[in-house]
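Colleague: I would like a close look at a single part of this chain, taken slowly and set in the context of the whole.

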Amino acid sequence: MTFKDFNVLLIRLFLGYLFTSSGLCKLTEGHFGQLIGPPLLIQQLTPHGLRTFGFFIAISQVMAGALVLSQRYSVLGLIMLIPMNLGILLVTISQNWAGTPYVDAVFTTLNIFALLYEWNTLKFLLFPEQTSIELPLRVNQLFPGTKFPLVIIGIFGISCVLSRYQILATSGLATVAYALTFYNVFKSQRFPFFYRSVIILALVSILAVTWIGLLHKTMPFNPFFLISIPIIGTALAYFSTLAWILFFKKNLLKATEGI
């Protein structure tokens, strides 16, 4: 796995988590830990006769995110996320939300970059007369498994149904799905130490946001600083990986070529 492959994997994991958690937060009326809102979208749309549309948005976010997390079906999920990200971006611009459009622009850019990663296969959509389809997709070469992707998608589907009845069980099922996502990643590829560190800390960050976001009201202190610890750790591990790639590994390759 190249450093480019690794970066795109991180983008897929991030976008997949971002949208599955956002959708589940909407379905649980703000009781599922997440990074983007609005958590009470369904309730806000209900007075305008758009309650069903609110459920459609939330479930679409969960299932598109689940496809991205599955790796095997990630390109389908990324294509589904393009209109979602553009819609969110235009809403924030139209509403004059300070700062939010810049954040959403970053999400949209990451989405586009992850699709351009598969350019050799997807370019036939723009140049059908000149291009042959290259299969399998790069992501499917790296993550060829079929069983775990289907299980992950199925668990998120069950979570959507369960979210209306049992919030704790919904968080538990989502935790299982996130854990299986990362297990599938490690099962499919062998990673260097620095890559493994980033991926493991990313999973810890996801679980921290999920459970601290849910249980913070029952704690005798404000626990949100705990969320920042694995997130900062993930960032530091990534930059350490970047330094390793740019300096140490590069120098090692040069030394090897000189022998």
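Colleague: In which helix is the place of Leu180? Please start from that residue and describe its helix closely, then the surroundings.

Modeller: The model is a predicted one, and the place of Leu180 in it is in helix α9. That helix runs over residues 167–188, and its length can be checked: at 1.5 Å a residue its 22 residues should span 32 Å, and the end C-alpha atoms are indeed 32 Å apart, which agrees. At its N-terminal end α9 is capped by Gln166, which places a side-chain oxygen 3.1 Å from the backbone nitrogen of Leu168.

Leu180 itself counts as buried because its relative accessibility, 19%, falls under the cut-off of 20%. Leaving aside neighbours within four places in sequence, Leu180 is in contact with Phe148, Val151, Ile152 and Ile155. In sequence Leu180 and Ser70 are 110 residues apart, yet their C-alpha atoms are 9.2 Å apart in space.

The wider set of buried residues in α9 consists of Thr170, Ser171, Ala174, Thr175, Ala177, Tyr178, Leu180, Thr181, Phe182, Asn184 and Val185. As background to such a list, an α-helix has 3.6 residues a turn, so residues three or four places apart point the same way. The cover over the buried residues of α9 includes α1 (3–27), α3 (51–69), α8 (147–162) and α10 (193–215).

Tyr178 deserves attention of its own. Not counting residues up to four places away in sequence, Tyr178 touches Tyr17, Thr20, Ser21, Phe32, Leu69, Phe156, Leu203, Ile206 and Thr210. The largest nonpolar core has 64 residues, and Tyr178 is among those that touch the most other members, together with Leu27, Phe156 and Ile199. To this core α1 gives the most, with 14 residues.

That leads to α1, one of the helices covering the buried residues of α9. Helix α1 has 25 residues and reaches 36 Å from its first C-alpha to its last, close to the 36 Å expected at 1.5 Å a residue. Of those 25 residues 23 are buried, so α1 is largely enclosed by the rest of the structure. Just after α1, Glu29 takes a positive phi of about 60°.

Another of the covering helices, α10, holds Gly213. With a relative accessible area of 17%, Gly213 is buried, and, apart from neighbours within four places in sequence, Gly213 is in contact with Gly33, Ala208 and Phe224. The C-alpha atoms of Gly213 and Phe32 are separated by 6.5 Å, although these residues lie 181 residues apart along the chain; Phe32 is also one of the residues that Tyr178 touches.

The cysteines can be followed from here as well. Cys25 is buried at 1% relative accessibility, and Cys160 is buried too, at 8%. The closest cysteine sulfur to that of Cys25 is in Cys160, 13 Å away, which is too far for a bond, since a disulfide requires sulfur atoms within 2.5 Å. By this rule the count of disulfides comes to zero.

Two further buried polar residues extend the picture to other helices. Ser74 lies in helix α4, residues 74–94, and counts as buried at 1% relative accessibility; beyond its neighbours within four places in sequence, Ser74 is in contact with Arg12, Leu67, Val68 and Val139. Asn111 has its place in helix α5, residues 100–116, and is buried with a relative accessible area of 0%. Not counting residues up to four places away in sequence, Asn111 touches Leu15, Leu78, Leu81, Ile82 and Asn85.

Set against the whole chain, α9 belongs to a secondary structure of 11 helices and zero strands. The radius of gyration is 19 Å, close to the 18 Å that the globule rule gives for 259 residues, so the chain is as compact as a globular protein of that length. Along its principal axes the C-alpha trace spans about 70 × 55 × 40 Å, and buried residues make up 44% of the 259 residues. Among contacts with a separation of 6 or more, 65% join residues 24 or more positions apart.

Terms used:
Residues numbered from 1 in each chain as written. Predicted model: local features only at pLDDT ≥ 70, side-chain atom pairs only at ≥ 80, totals over all residues. Heavy atoms only, no water. Helix = DSSP H or I, 4+ residues; strand = E, 2+ residues; numbered from the N terminus. Expected span 1.5 Å × (residues − 1). Buried < 20%, exposed > 50% of the residue type's maximum accessible area, 1.4 Å probe, protein only. Contact = heavy atoms within 4.5 Å. Polar contact = N/O pair within 3.5 Å; in protein donor to acceptor, adjacent residues only side chain to side chain. Core = buried A, V, L, I, M, F, W, Y, C linked by side-chain atoms within 4.5 Å. Rg over C-alpha atoms; globule rule 2.2 N^0.38 Å.
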